[in-house]
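Visitor: Please show me the model, and explain the terms applied to it as we proceed.

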Amino acid sequence: MNDGSPEAVDLKTARLVLRRPTPADVDAIFAVHRDPETCTHNPSDALARRAEAEDLYRRWDDQWQRHGYGYWVVRRHGSAQQLGFCGIKPMELHGAPVLNLFYRFATSAWGQGFAGEAAGAVATWASRHLPDLPLIARVRPANVASQRVATRAGLSRAQHLDTEGYDGFDWIYLAHHANRAGAHEAGG
(Lines give C-alpha, C1' and ligand atoms only; values in the text may rest on other atoms or scores of the structure.)
Protein backbone atom coordinates (compact mmCIF):
# COMPACT_ATOMS: atom_id res chain seq x y z
CA MET A 1 0.00 0.00 0.00
CA ASN A 2 1.41 3.36 -0.88
CA ASP A 3 0.97 6.14 1.69
CA GLY A 4 -1.71 4.69 3.99
CA SER A 5 -4.58 6.85 2.73
CA PRO A 6 -7.62 5.52 0.87
CA GLU A 7 -6.37 7.41 -2.19
CA ALA A 8 -3.26 5.18 -2.29
CA VAL A 9 -4.48 3.35 -5.35
CA ASP A 10 -1.93 0.66 -6.22
CA LEU A 11 -1.69 -2.58 -4.27
CA LYS A 12 1.16 -5.04 -4.80
CA THR A 13 1.61 -8.70 -3.98
CA ALA A 14 4.42 -11.13 -4.76
CA ARG A 15 3.13 -11.62 -8.32
CA LEU A 16 0.47 -8.99 -8.89
CA VAL A 17 -0.17 -5.27 -9.22
CA LEU A 18 -3.68 -3.97 -8.55
CA ARG A 19 -4.50 -0.48 -9.81
CA ARG A 20 -7.52 1.72 -10.26
CA PRO A 21 -9.25 1.16 -13.63
CA THR A 22 -8.95 3.70 -16.43
CA PRO A 23 -10.98 4.11 -19.63
CA ALA A 24 -8.30 1.99 -21.36
CA ASP A 25 -9.59 -1.01 -19.35
CA VAL A 26 -13.10 -1.00 -20.87
CA ASP A 27 -12.16 -3.64 -23.46
CA ALA A 28 -10.89 -5.94 -20.70
CA ILE A 29 -14.00 -5.29 -18.60
CA PHE A 30 -16.08 -6.29 -21.60
CA ALA A 31 -13.99 -9.35 -22.46
CA VAL A 32 -14.17 -10.76 -18.92
CA HIS A 33 -17.86 -10.00 -18.39
CA ARG A 34 -19.07 -11.23 -21.78
CA ASP A 35 -17.49 -14.67 -21.29
CA PRO A 36 -20.36 -16.96 -20.20
CA GLU A 37 -17.98 -19.01 -18.02
CA THR A 38 -16.98 -16.04 -15.86
CA CYS A 39 -20.62 -15.24 -15.10
CA THR A 40 -21.94 -18.80 -14.72
CA HIS A 41 -22.84 -18.23 -11.06
CA ASN A 42 -23.77 -14.55 -11.52
CA PRO A 43 -25.64 -14.35 -14.84
CA SER A 44 -26.98 -10.86 -14.09
CA ASP A 45 -23.37 -9.60 -14.33
CA ALA A 46 -22.95 -10.82 -17.93
CA LEU A 47 -22.46 -8.13 -20.57
CA ALA A 48 -23.64 -8.38 -24.17
CA ARG A 49 -22.48 -5.03 -25.59
CA ARG A 50 -19.36 -2.91 -25.20
CA ALA A 51 -21.57 0.04 -24.17
CA GLU A 52 -22.52 -1.97 -21.06
CA ALA A 53 -18.82 -2.27 -20.20
CA GLU A 54 -18.47 1.49 -20.60
CA ASP A 55 -21.40 1.97 -18.20
CA LEU A 56 -19.86 -0.50 -15.74
CA TYR A 57 -16.53 1.32 -15.89
CA ARG A 58 -18.32 4.64 -15.19
CA ARG A 59 -20.02 3.11 -12.11
CA TRP A 60 -16.68 1.78 -10.89
CA ASP A 61 -15.00 5.15 -11.49
CA ASP A 62 -17.84 6.98 -9.72
CA GLN A 63 -17.35 4.77 -6.67
CA TRP A 64 -13.63 5.58 -6.65
CA GLN A 65 -14.43 9.29 -6.83
CA ARG A 66 -17.02 9.10 -4.04
CA HIS A 67 -15.28 6.70 -1.66
CA GLY A 68 -11.57 6.62 -2.53
CA TYR A 69 -11.68 2.86 -3.16
CA GLY A 70 -13.39 0.37 -5.42
CA TYR A 71 -12.48 -2.33 -7.90
CA TRP A 72 -8.90 -2.73 -9.02
CA VAL A 73 -7.51 -4.05 -12.32
CA VAL A 74 -5.24 -7.03 -11.62
CA ARG A 75 -2.06 -7.64 -13.65
CA ARG A 76 1.14 -9.59 -13.19
CA HIS A 77 4.22 -7.51 -12.40
CA GLY A 78 5.68 -6.19 -15.64
CA SER A 79 2.70 -7.20 -17.80
CA ALA A 80 0.15 -5.03 -19.56
CA GLN A 81 -2.36 -7.92 -19.74
CA GLN A 82 -5.35 -7.55 -17.41
CA LEU A 83 -6.00 -10.83 -15.60
CA GLY A 84 -9.23 -9.67 -14.03
CA PHE A 85 -10.72 -7.43 -11.40
CA CYS A 86 -10.87 -7.48 -7.61
CA GLY A 87 -12.11 -4.96 -5.12
CA ILE A 88 -14.72 -3.81 -2.67
CA LYS A 89 -17.92 -1.84 -2.77
CA PRO A 90 -20.12 -0.54 0.02
CA MET A 91 -23.52 -2.14 0.33
CA GLU A 92 -25.99 -3.24 2.97
CA LEU A 93 -26.48 -6.72 4.37
CA HIS A 94 -29.52 -7.24 6.58
CA GLY A 95 -29.82 -3.46 6.91
CA ALA A 96 -26.23 -2.89 8.07
CA PRO A 97 -23.38 -1.33 6.07
CA VAL A 98 -20.72 -3.76 4.84
CA LEU A 99 -18.04 -3.97 2.18
CA ASN A 100 -18.62 -6.61 -0.48
CA LEU A 101 -15.48 -8.31 -1.80
CA PHE A 102 -15.65 -8.86 -5.57
CA TYR A 103 -13.34 -10.89 -7.80
CA ARG A 104 -13.77 -11.90 -11.41
CA PHE A 105 -10.93 -13.13 -13.61
CA ALA A 106 -10.49 -14.14 -17.23
CA THR A 107 -10.74 -17.91 -17.64
CA SER A 108 -7.11 -17.93 -18.85
CA ALA A 109 -6.12 -16.79 -15.33
CA TRP A 110 -8.10 -19.45 -13.47
CA GLY A 111 -6.39 -22.12 -11.40
CA GLN A 112 -3.19 -20.17 -10.78
CA GLY A 113 -4.05 -18.60 -7.43
CA PHE A 114 -4.33 -15.05 -8.81
CA ALA A 115 -7.85 -14.45 -7.48
CA GLY A 116 -6.95 -15.58 -3.96
CA GLU A 117 -3.77 -13.51 -3.98
CA ALA A 118 -5.59 -10.40 -5.18
CA ALA A 119 -8.52 -10.92 -2.81
CA GLY A 120 -6.10 -11.32 0.09
CA ALA A 121 -4.44 -8.01 -0.77
CA VAL A 122 -7.81 -6.25 -0.98
CA ALA A 123 -8.98 -7.80 2.31
CA THR A 124 -5.78 -6.64 4.02
CA TRP A 125 -6.22 -3.14 2.57
CA ALA A 126 -9.84 -3.02 3.77
CA SER A 127 -8.92 -4.16 7.30
CA ARG A 128 -6.30 -1.41 7.54
CA HIS A 129 -8.20 1.45 5.91
CA LEU A 130 -11.85 0.65 6.66
CA PRO A 131 -11.71 -1.43 9.86
CA ASP A 132 -15.18 -0.39 11.05
CA LEU A 133 -16.93 -1.92 8.04
CA PRO A 134 -17.36 -5.70 8.01
CA LEU A 135 -15.91 -7.30 4.87
CA ILE A 136 -18.06 -9.98 3.29
CA ALA A 137 -18.10 -12.08 0.14
CA ARG A 138 -21.39 -13.26 -1.35
CA VAL A 139 -20.87 -16.69 -2.92
CA ARG A 140 -23.28 -19.10 -4.60
CA PRO A 141 -23.36 -22.49 -2.83
CA ALA A 142 -22.30 -24.28 -6.05
CA ASN A 143 -19.32 -21.98 -6.69
CA VAL A 144 -16.62 -23.98 -4.94
CA ALA A 145 -13.77 -22.04 -6.59
CA SER A 146 -15.14 -18.73 -5.27
CA GLN A 147 -15.53 -20.25 -1.81
CA ARG A 148 -11.82 -21.19 -1.90
CA VAL A 149 -10.89 -17.64 -2.93
CA ALA A 150 -12.89 -16.15 -0.05
CA THR A 151 -11.26 -18.55 2.40
CA ARG A 152 -7.78 -17.83 1.03
CA ALA A 153 -8.48 -14.10 1.48
CA GLY A 154 -9.12 -14.70 5.19
CA LEU A 155 -12.92 -14.91 5.20
CA SER A 156 -14.92 -17.65 6.87
CA ARG A 157 -18.41 -18.94 6.23
CA ALA A 158 -20.96 -16.98 8.29
CA GLN A 159 -24.06 -19.11 7.79
CA HIS A 160 -26.17 -16.90 10.06
CA LEU A 161 -25.80 -14.12 7.46
CA ASP A 162 -26.78 -16.16 4.37
CA THR A 163 -29.40 -14.40 2.27
CA GLU A 164 -31.12 -14.21 -1.09
CA GLY A 165 -28.95 -12.45 -3.69
CA TYR A 166 -29.40 -11.09 -7.20
CA ASP A 167 -28.94 -14.45 -8.91
CA GLY A 168 -29.99 -16.86 -6.19
CA PHE A 169 -29.19 -17.73 -2.62
CA ASP A 170 -25.87 -16.32 -1.31
CA TRP A 171 -23.63 -17.95 1.20
CA ILE A 172 -21.94 -15.18 3.16
CA TYR A 173 -18.26 -15.27 4.04
CA LEU A 174 -17.03 -12.78 6.65
CA ALA A 175 -13.49 -11.49 7.21
CA HIS A 176 -11.92 -12.65 10.45
CA HIS A 177 -11.32 -9.07 11.62
CA ALA A 178 -15.06 -8.49 11.08
CA ASN A 179 -15.92 -11.54 13.17
CA ARG A 180 -14.69 -9.55 16.15
CA ALA A 181 -15.62 -5.99 15.19
CA GLY A 182 -18.69 -6.06 13.01
CA ALA A 183 -20.54 -9.35 13.08
CA HIS A 184 -23.31 -7.97 15.24
CA GLU A 185 -23.80 -4.90 13.06
CA ALA A 186 -24.04 -7.13 9.97
CA GLY A 187 -27.00 -8.95 11.42
CA GLY A 188 -25.21 -11.48 13.60
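**Terms and values**

Guide: R157 lies over the face of W171, 3.8 Å from the ring centre. This is a predicted model, in which local features need pLDDT of at least 70 and side-chain atom pairs count only at pLDDT 80 or more, while totals for chains, interfaces and linings use all residues. Residues are numbered from 1 along each chain as its sequence is written, and side-chain values use heavy atoms, with hydrogens and water left out.

Visitor: Why is the pair of Y69 and W125 called tilted?

Guide: The centres of Y69 and W125 are 6.0 Å apart and the planes meet at 55°. Rings of Phe, Tyr and Trp (its six-membered ring) pair if their centres lie within 6.5 Å; planes under 30 degrees apart count as stacked, over 60 as edge-to-face and the rest as tilted, so 55° gives a tilted pair.

Visitor: What makes this pair tie together parts that are 56 residues apart in sequence?

Guide: Y69 lies in the loop between α2 (50–67) and β3 (71–76), whereas W125 belongs to helix α3 (residues 114–129). Helices (H or I, at least four residues) and strands (E, at least two) are DSSP runs, numbered from the N terminus.

Visitor: How do you know whether Q82 is buried or exposed?

Guide: Buried means under 20% relative accessible area, exposed over 50%, and partly exposed in between (1.4 Å probe, protein chains only). Q82 has 16% relative accessibility, and therefore counts as buried. By that criterion Y69, at 5%, is buried, and W125, at 0%, is buried.

Terms used: A charge sits over a ring if NZ of Lys or CZ of Arg is within 6 Å of the ring centre and within 35 degrees of the ring normal.
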